Amino acid sequence: MKTNLSPVVAGFLLFFVFVSCIKDTDFDQVDNVDLTPTIDLDLIYFNLSASDFYDPATSTSVLTVSDTTELRFLNDIEVQRNLKRAEFYFKFTNSIEREFQADFQFLTPQNDTTYTAQTVVAQGTVSNPIITEFIENVEGADIVDLTQASKVIVSVTIPSSNANLEGALNLQSKVTYYVEL
Amino acid sequence: MKILLFYSLALLGVVGIAQNKQVLYGMEDIPQNLLLNPGTKLTQKAHYGIPLLSQIHLNVGTSGVSVHDIFGASNATEDINTRIRDKIFEMSSKDFFTATQQLELINFGWLAKNKLYFSGGIYEELDFVFYFPRDLAILVWEGNSDYINYEFDLGEISTTADLMTVYHFGVNKQIGKKLTVGLRAKLYSSMASFKSTNNSGKFVTRLGDNDSPNIYEHSLENVNMSVETSGIASLQDEENSSQVSSEILGRALLGGNLGIGFDVGMTYDITRDITATASILDFGAIFHTKDVETYQARTNYTLDGIELIFPPLANEEGTLPYYSDLEDEVEREVPIDTLYNSYTQMLPMKVNASIAYNFGRPTDGGTDCNCMNMSGSIPKNQSIGLQYYSVFRPKGPQLAGTLFYYRRFASFLAAKATYTVDSYTASNIGLGLVADVGKFNFYIAADNLLAYSNLAKAKSVSLQLGFNIKIDRE
């Protein structure tokens with residue numbers, strides 16, 4: 001069979017070439033894509049007993065106890081770049097008949113202080129523990145300071161103590177991280 | 001991150017039911033129809049595919065989203081972030097992205113004296129499917145703050161990718177007047193394979209109760225996840241791309257992980273005007289024994305944060321390494337094991353079936369009453385019918401139904417139009433054209449033609465074309 005088919009084949013191919021196109025799109029919109037997840041994560045917790053504020057061996061008060069933990073993710077380069085706001089939430093439950101001063105001191109790896117936060121914890125009783133909530137919102141220039149830190153010192157100060165003091169001070173905490181990628 | 005997101009979205013845009021060649025299926029004028037139904041009727045005495053050009057097949061698609069849905073300019077008044085968020089929530093974990101590409105290297109066939117038609121060849125295939133992990137997408141896009149106590153399903157992660165060479169040889173025979181049957185044996189040489197299916201587990205952030213040490217409990221519950229890889233670990237050790245290419249080429253030439261499989265098919269003339277066909281393709285498995293690495297994580301773990309115990313310190317003594325201890329605990333409690341056990345991969349089996357009513361004028365130059373063929377069908381220049389297609393995927397079969405019309409315009413030119421309903425769309429129109437110029441056979445088939453006017457709106461596009469030498473029977 002001798003037939004010139006090239007017009008048919010060419011026509012079919014041209015159909016695809018001419019009619020296929022990508023239109024009504026604007027890929028520059030990708031610049032406007034903002035991933036803005038909000039992440040809730042536990043932070044630290046502790047249980048201090050009234051006896052932690054008195055040293056029976058020397059019969060003296062221990063007015064301040066402190067502890068340190070690294071938070072190495074905080075000064076991670078990605079966190080520094082993308083964290084826009086952090087909201088700390090601390091929940092103290094106090095059954096000791098004393099007010100407390102709680103201090104949070106954020107430090108760089110070189111031990112330079114970059115950010116601090118403090119609050120007063122209301123006194124309670126063994127039969128009636130009192131809850132004190134404390135929210136610290138960090139954003140703007142403060143977030144830059146906060147994300148230079150890689151560790152935090154937590155100090156708890158009691159105005160006075162004795163061997164008969166009873167009860168416990170409990171802390172639970174979380175942070176809500178507002179991220180923009 | 002934005003660049004990564006852009007490429008991911010662009011990929012989603014371009015990556016059909018892949019592998020459904022509904023336009024080619026049943027087109028007896030095309031030798032490659034033998035690969036879709038080994039038991040098809042044949043009109044030729046012999047065929048030879050033009051090497052590398054006998055079949056080029058590309059099929060990409062998504063079931064849930066198109067490029068236009070995200071990057072459309074006319075809907076740019078709405079913030080792109082709102083559009084992405086709406087799509088994430090609109091799609092389900094059964095939505096998927098697939099891509100299939102095939103390139104035939106060699107294809108040949110001939111009618112032997114015993115009336116058996118033998119055919120064989122080699123083709124390369126890339127097959128990819130990725131299910132949309134909706135819960136994880138929500139977690140990444142929104143975070144967990146608004147999803148306290150919500151169980152994010154990690155089992156939604158399901159994906160496979162395969163690159164292989166297939167060596168095949170088959171036989172086709174007409175039995176009596178009504179029935180044609182065929183069988184094809186396949187030898188698969190897997191170049192690289194990646195699979196993560198049958199995952200399970202939850203991630204949940206629960207609000208702690210009175211017994212909880214901290215505000216929340218971040219829990220990984222009943223997690224059992226794995227990624228099976230074959231032919232990938234060793235490539236990471238190669239120093240440059242030429243070494244990778246030569247290694248891949250070696251595997252293409254039967255140096256990879258081998259597998260076997262079968263295709264079977266039949267064509268049956270129910271009456272003189274009604275013909276039924278059916279085929280099962282890629283019923284087989286690949287046995288991954290070389291260069292296998294499986295990564296597995298099984299855990300039940302709850303994270304509460306860091307407990308400070310205020311140890312009594314003396315003389316500038318350092319405190320406890322809480323953070324490092326936590327890292328060690330996570331590594332210990334959420335171990336990712338690397339296993340080197342062989343595994344067997346079942347291939348995605350495909351099922352085709354059709355029923356057609358043939359009408360119009362006879363194409364073999366005869367009349368409606370062919371006294372030499374009282375029971376078999378008479379080839380007519382037109383047919384109309386229904387086709388069924390399914391492929392077995394990790395989350396169950398993907399199905400497609402097709403209504404078709406076939407017409408032979410002249411002895412050298414035939415065309416087929418299809419209307420397909422599948423997971424992507426209910427308005428998929430396809431068109432195929434086959435031309436025989438002397439011994440030269442050319443075909444082209446494409447579906448989703450309505451979408452060609454703007455590919456950005458297409459959820460799937462499939463294209464096959466090829467060139468053969470075909471020697472018809474006298």
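Of the 181 residues in chain A, 42% count as buried, meaning under 20% relative accessible area with a 1.4 Å probe and protein chains only. The model is predicted: local features need pLDDT of at least 70, side-chain atom pairs count only at pLDDT 80 or more, and totals for chains, interfaces and linings use all residues. Residues are numbered from 1 along each chain as its sequence is written, and side-chain values use heavy atoms, with hydrogens and water left out.

Chain A has three helices and 10 strands (DSSP runs of H or I, at least four residues, and of E, at least two). From the N terminus their order is α-β-β-β-β-α-β-β-β-β-α-β-β. Among contacts (heavy atoms within 4.5 Å) in chain A between residues at least 6 apart in sequence, 81% join residues at least 24 apart.

The largest nonpolar core (buried Ala, Val, Leu, Ile, Met, Phe, Trp, Tyr and Cys joined through side-chain atoms within 4.5 Å) holds 44 residues, of which A:F46, A:F104 and A:F106 touch the most other members. Apart from it lies another core of 22 residues, among them B:I70, B:F97, B:A137 and B:L154.

The largest cavity, a set of points on a 1 Å grid over the protein atoms alone where a 1.4 Å probe fits but cannot get out, has a volume of about 170 Å³, taken as the space filled by probe spheres set on the points. Of its 14 lining residues (an atom within 4 Å of a point), the closest to the centre include B:K21 and B:Y123. β3(B) gives the most to this lining, with three residues.

Conventions: Chains lettered and ligands numbered in written order. Buried < 20%, exposed > 50% of the residue type's maximum accessible area, 1.4 Å probe, protein only. 1 Å grid on protein atoms, 1.4 Å probe; cavity = no way out; pocket = protein on both sides within 12 Å on 5 of 7 lines; lining within 4 Å.
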